[in-house]
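Reader: Got a minute to go through a model with me? I'd like to start with the aromatics.

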Amino acid sequence: MRKLAGRRMATAAMATGFFVWYTCSNWVSALSYDASFSYWWLNKSGAVVLATVLLCAVLSRAGMPARATRAIDWAAAVAYAGSFVILWVGSASYPPFADVGALGLFALAECWMVARWGTRYAGSSINEVARALVLAIVLVAAMKCVTALVPQEVTMALMLPLPFLSMAALGARWEDGSSSSERAAELWFGRASLRSFARIVVAMAVFFFMWSILNMTLKHGTGHYSFGSEATPAYTLLSQMILLLFCAFVGWWVFERRRGLDITVVWRFTYVLMALALFMLVAFGMAQFIQAFTGAAVVVAKMFLWLALANVAHHSSFRPFLVFCPGMLLYSLPDWFGRCSASFLGLESLNPAVASFLLVVTVVMTAFFLPSRSPDVQLLLSDLNGPAHRAIGEADGIDGRCAAVGEAYGLSPREVEIMQYLCKGRSRPYIAETLYLSENTVRTHSRRIYGKLDVHDRQELLDLVRGEERAGAGGRPG
């Protein structure tokens, strides 16, 4: 019972990291929204990009000072809250100097928070991180529902304590009985993996760039969700309903059904939400649905960006902050370009021609660009549910083990080849695409492999190949 309670507290603590990062970032975006249109170069994502480069340069040389980290944590929390106050009070009196100073404080504090939480996430299993992130976006949805309906002053009062809550949760230690403080023994990702991530990285960047333009243009003159009377609360609430339904599905699919998630499918989902919103805008002039659908899509996209970064940090020898901080540039850099483009070009509304172009780009990305199934991309979520869906690392000699098992049990060369991919956590569509086979052919071979080896699912297959079961059986049973 004590371990269960501790594990739940650890999950809640990790959920706080993403929740506060997302919510505070959104609030700063709201506070600096008008300044972003007045000065095309001035926005919070640009400040974050510059602060990320600076912090990575410093930490890569000096590292994180162990004795000073907690003091820096609280200083960052003060800077975070201080940036809110400056943007709230000072930006109207001293533009753009107050905005520049406040965004600088915010960016440095946020980058430090990401670096610190990256270490915590990297030391936890992806199963634990996924549970925490699902809880986090439930909290995000709840906060958005509240801030869509209350005055600005109430929203400000809710936001000010959040940085301190995040730093308190970061310093908490829970007796959860897990190995969350230990780095993974299997190292799957290295410098060579960066090339394998190219297509999924481009897909993320294009999504965040288009979302940024939509976010800027469609909210100009109508208000940000946080400013209750000027926003459209009904569509904000619809967006949160989509988020809550998504959380319910992920919880059921991953943690109840024990089924895995393909990261390319997740990104298709975010692009489909954007495509639906753009289609409604082009066909029916219903701009409000962009607020609902893209608002939900971007939270999902950021959640799985954090999850992917946590998995890379967990299964690599890179220092966690050198994964999380540069990894966050996948969001902040295209967001910076999108905001600057919308402001520089004066896109205060989205005309049908621009919306139609973005819709075509979205469809092309979904249909032709996203189905990338490189081995490293497949590994990003392959161990989401623990051993039942965990791939064997490339360095584990899996090809030789499968060949030995195949020889002992009389498998054909093609069956051995497919078994090798199955044991590496590859999906049937990936195997079909790689080996130039149909999915039905791969499914047929898989059934034959399971039948010949007398196993019933992928976990039993992994156990057999790893030698964890039937050890010493001496080959094919007679």
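Author: Sure. This is a predicted model. F246 counts as buried, because its relative accessibility is 11% and the cut-off for buried is under 20%.

Reader: And F269, buried or exposed, or in between?

Author: F269 counts as partly exposed, at 30% relative accessibility.

Reader: How many aromatic pairs are there by the ring-centre rule?

Author: The count comes to 24 aromatic pairs. In one of them, the rings of W211 and Y331 have their centres 6.3 Å apart and their planes at 45°, so that pair is tilted.

Reader: Where do W211 and Y331 sit?

Author: W211 is in helix α10 (residues 198-219) and Y331 in helix α14 (residues 321-344). They are 120 residues apart, so the pair links distant parts of the chain. Both W211 and Y331 are buried.

Reader: What about the rings of F246 and F269?

Author: Their centres are 5.2 Å apart and their planes at 15°, so F246 and F269 are stacked. F246 lies in helix α11 and F269 in helix α12 (residues 263-284), so the pair ties together parts 23 residues apart in sequence.

Reader: Switching to the surface. Which residues form the nonpolar patch?

Author: L135, V138, L139, L238, M241 and L244, with about 420 Å² of accessible area together. α6 (126-147) and α11 (233-256) are the elements that give two or more residues to the patch.

Reader: How accessible is L238?

Author: L238 is partly exposed, with a relative accessible area of 31%. L238 lies in helix α11.

Reader: Last one: what is the phi of D454?

Author: About 55°, so positive, although D454 is not a glycine. Most residues other than glycine have a negative phi. D454 is in the loop between α20 (439-453) and α21 (458-466).

Terms used: Residues are numbered from 1 along each chain as its sequence is written. This is a predicted model: local features need pLDDT of at least 70, side-chain atom pairs count only at pLDDT 80 or more; totals for chains, interfaces and linings use all residues. Side-chain values use heavy atoms; hydrogens and water are left out. Patches are made of residues with over 30% relative accessible area and no salt bridge: like charges are joined within 9 Å, nonpolar side chains (Val, Leu, Ile, Met, Phe, Trp, Tyr) within 5 Å. Accessible areas come from the Shrake-Rupley method with a 1.4 Å probe; for residues, only the protein chains shown count as cover. A salt bridge is a side-chain nitrogen of Lys or Arg within 4 Å of a carboxyl oxygen of Asp or Glu. Helices (H or I, at least four residues) and strands (E, at least two) are DSSP runs, numbered from the N terminus. Buried means under 20% relative accessible area, exposed over 50%, partly exposed in between (1.4 Å probe, protein chains only). Rings of Phe, Tyr and Trp (its six-membered ring) pair if their centres lie within 6.5 Å; planes under 30 degrees apart count as stacked, over 60 as edge-to-face and the rest as tilted.
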